[in-house]
Amino acid sequence: MAVSRSKTLAFAAIAIAALLHSSVAQTTHTVGGNTGWTIPQGGDSVYSNWASGNSFSVGDILVFNFAAGAHDVTQVNKADYDSCSASNPMMTSTNTPARITLNTSGEHYFICGVPGHCSAGQKVTVNVLASTTGSSSPSPAPMVMPPSPSPAPRRALTPASAPSPAPTTVSAPTPSTSPVAGDVPLSAPSPSARTPMTYTVGDSFGWNIPTSGASQFQNWAAGKDFMVGDILVFNYTAGAHNVAEVTSDAFTACTTANPISLDSNPPSRITLTSAGEHFYLCAIPGHCSAGQQLSINVSGAGSTSPSPSGSTTPSSPSPTAGDMAPPSPNSAATVGGVSATAFLSVVAALLL
């Protein structure tokens with residue numbers, strides 16, 4: 001009985017060790033956070049500051065959010081990174097969002113290969129540490145349980161000295177109220193919100209008087225799925241244009257007498273903080289009537305923490321499915337939603 005119990009305890013301990021060993025998940029990092037992958041307003045320090053606040057390990061994933069056709073993600077060596085050259089790329093992705101898995105340790109260098117973007121600060125270096133988990137890590141050393149000592153032989157009692165057995169009263173066991181693995185309710189997963197996107201209005205054409213009339217910006221918006229938490233970037237020459245958010249009536253009449261917001265500092269970054277239709281135009285006389293106006297429809301399935309309407313400062317993104325941080329190193333490992341502590345308690349209870 002003692003040997004069987006020792007084997008069972010050894011099996012349970014190895015199972016728990018394997019459980020804890022496999023509980024660490026990969027981390028998905030959204031490059032630049034809510035800024036996304038674009039030309040930063042603060043120069044290349046924006047991305048270096050972002051990288052210094054994160055810890056990267058082999059197996060982690062980088063997510064680059066950018067407007068299709070406006071940027072790309074190019075991995076280069078250090079020399080090309082320093083000189084902002086994309087002539088000999090190790091990898092280039094033009095599909096957004098670009099998801100890149102960090103398969104090796106060491107420094108990795110990424111730039112935007114569109115001419116002028118890297119020199120304007122659209123570049124990032126990440127230092128990847130060797131993973132402490134996964135198939136390349138040594139398995140936990142097997143636990144050797146010391147043999148249980150054999151019980152000492154009992155001296156047989158003669159009939160004369162053997163005491164009469166005392167009557168024993170057995171009380172009914174009290175039903176246990178402690179939850180076991182099968183009784184722990186599993187909460188339904190909450191619907192995930194997608195990662196906020198950054199859109200450059202007009203892509204490479206920017207926010208200018210369109211050459212093909214008002215349809216040019218509406219054609220740009222067609223097919224895009226704008227959500228709360230996304231960011232619009234208006235690129236234009238300072239003093240030549242501006243960005244005014246207006247009502248539907250003001251949009252139709254091309255008037256900016258009472259704008260909801262007005263920004264004249266390029267590039268203007270506007271966070272979409274509420275669902276519904278949003279209307280933008282250039283308030284410089286004659287520009288709106290020449291077609292420099294944009295209307296978009298925003299759904300409410302994006303960021304769950306919107307800031308006040310009309311904000312031109314990116315709000316902190318709510319955690320999303322792609323950006324969820326891994327469990328804290330101090331958090332307990334789980335099996336199907338049940339903590340390892342609870343599992344071990346059940347094993348111990350069965351062995352008693």
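Cysteine 254 lies in the loop between H5 and S13, where helices (H or I, at least four residues) and strands (E, at least two) are DSSP runs numbered from the N terminus. Although cysteine 254 is not a glycine, its phi is positive, at about 55 degrees. With a relative accessible area of 30%, cysteine 254 counts as partly exposed, a class that lies between buried, under 20% relative accessible area, and exposed, over 50% (1.4 Å probe, protein chains only). Cysteine 84, in the loop between helix H3 (78–83) and S5, also has a positive phi of about 55 degrees without being a glycine, and its relative accessible area of 28% makes it partly exposed.

The model is a predicted one, in which local features need pLDDT of at least 70 and side-chain atom pairs count only at pLDDT 80 or more, while totals for chains, interfaces and linings use all residues. Residues are numbered from 1 along each chain as its sequence is written, and side-chain values use heavy atoms, with hydrogens and water left out.

The protein contains six helices and 18 strands, and 36% of its 352 residues count as buried. Among contacts (heavy atoms within 4.5 Å) between residues at least 6 apart in sequence, 75% join residues at least 24 apart.

Helix H2 (residues 45–52) shows how burial can be arranged along one element, for Tyr47, Trp50 and Ala51 are buried there. Seen down the axis of H2, these buried residues fall within an arc of 95 degrees, so they line one face of the helix; the arc is that of the directions from the helix axis to the C-beta atoms. On the other side of H2, Asn49 and Ser52 are exposed. The cover over the buried residues of H2 includes strand S1 (28–30), strand S2 (56–57), strand S3 (61–64) and strand S8 (123–129).

Tyr47 of H2 is also among the residues touched by threonine 38, together with His71, Gln122, Thr200 and Arg269, when residues up to four places away in sequence are not counted. Threonine 38 is found in the loop between S1 and H2 and is buried, with a relative accessible area of 3%. Its C-alpha atom is separated by 9.3 Å from that of lysine 123, although the two residues are 85 residues apart along the chain. The charged end of lysine 123 sits over the ring of tyrosine 81, 4.4 Å from its centre, under the criterion that NZ of Lys or CZ of Arg is within 6 Å of the ring centre and within 35 degrees of the ring normal.

Two of the strands that help to cover H2, S1 and S3, also belong to an open sheet of three strands with the order S1-S3-S6 and mixed pairing, where two strands pair if DSSP finds at least two bridges between them. S1 and strand S6 (98–101) stand at the edges, each with a single partner strand, so one side of each is left without a neighbour in the sheet. S3 and S6 pair in the antiparallel sense over four bridges, and valine 63 stands opposite arginine 99 in S6. Proline 97, in the loop between strand S5 (91–93) and S6, is joined to threonine 96 by a cis peptide bond with omega of about -5 degrees.

A second cis peptide bond joins proline 266 and proline 267, with omega of about -10 degrees, and proline 267 lies in the loop between strand S13 (261–263) and S14. In a regular strand the side chains alternate between the two faces of the sheet. Both faces of strand S14 (residues 268–271) are covered, with Ser268 and Ile270 on one side and Arg269 and Thr271 on the other, all of them buried. S11 and S14 pair in the antiparallel sense over four bridges, and isoleucine 231 stands opposite threonine 271 in S14.

The structure also holds twelve aromatic pairs, in which rings of Phe, Tyr and Trp (its six-membered ring) have centres within 6.5 Å, with planes under 30 degrees apart counting as stacked, over 60 as edge-to-face and the rest as tilted. The rings of tryptophan 207 and phenylalanine 234 have their centres 5.0 Å apart and their planes at 85 degrees, so this pair is edge-to-face. Both residues, tryptophan 207 and phenylalanine 234, are buried, and they belong to one aromatic cluster formed by Phe205, Trp207, Phe217, Phe234 and Tyr280.
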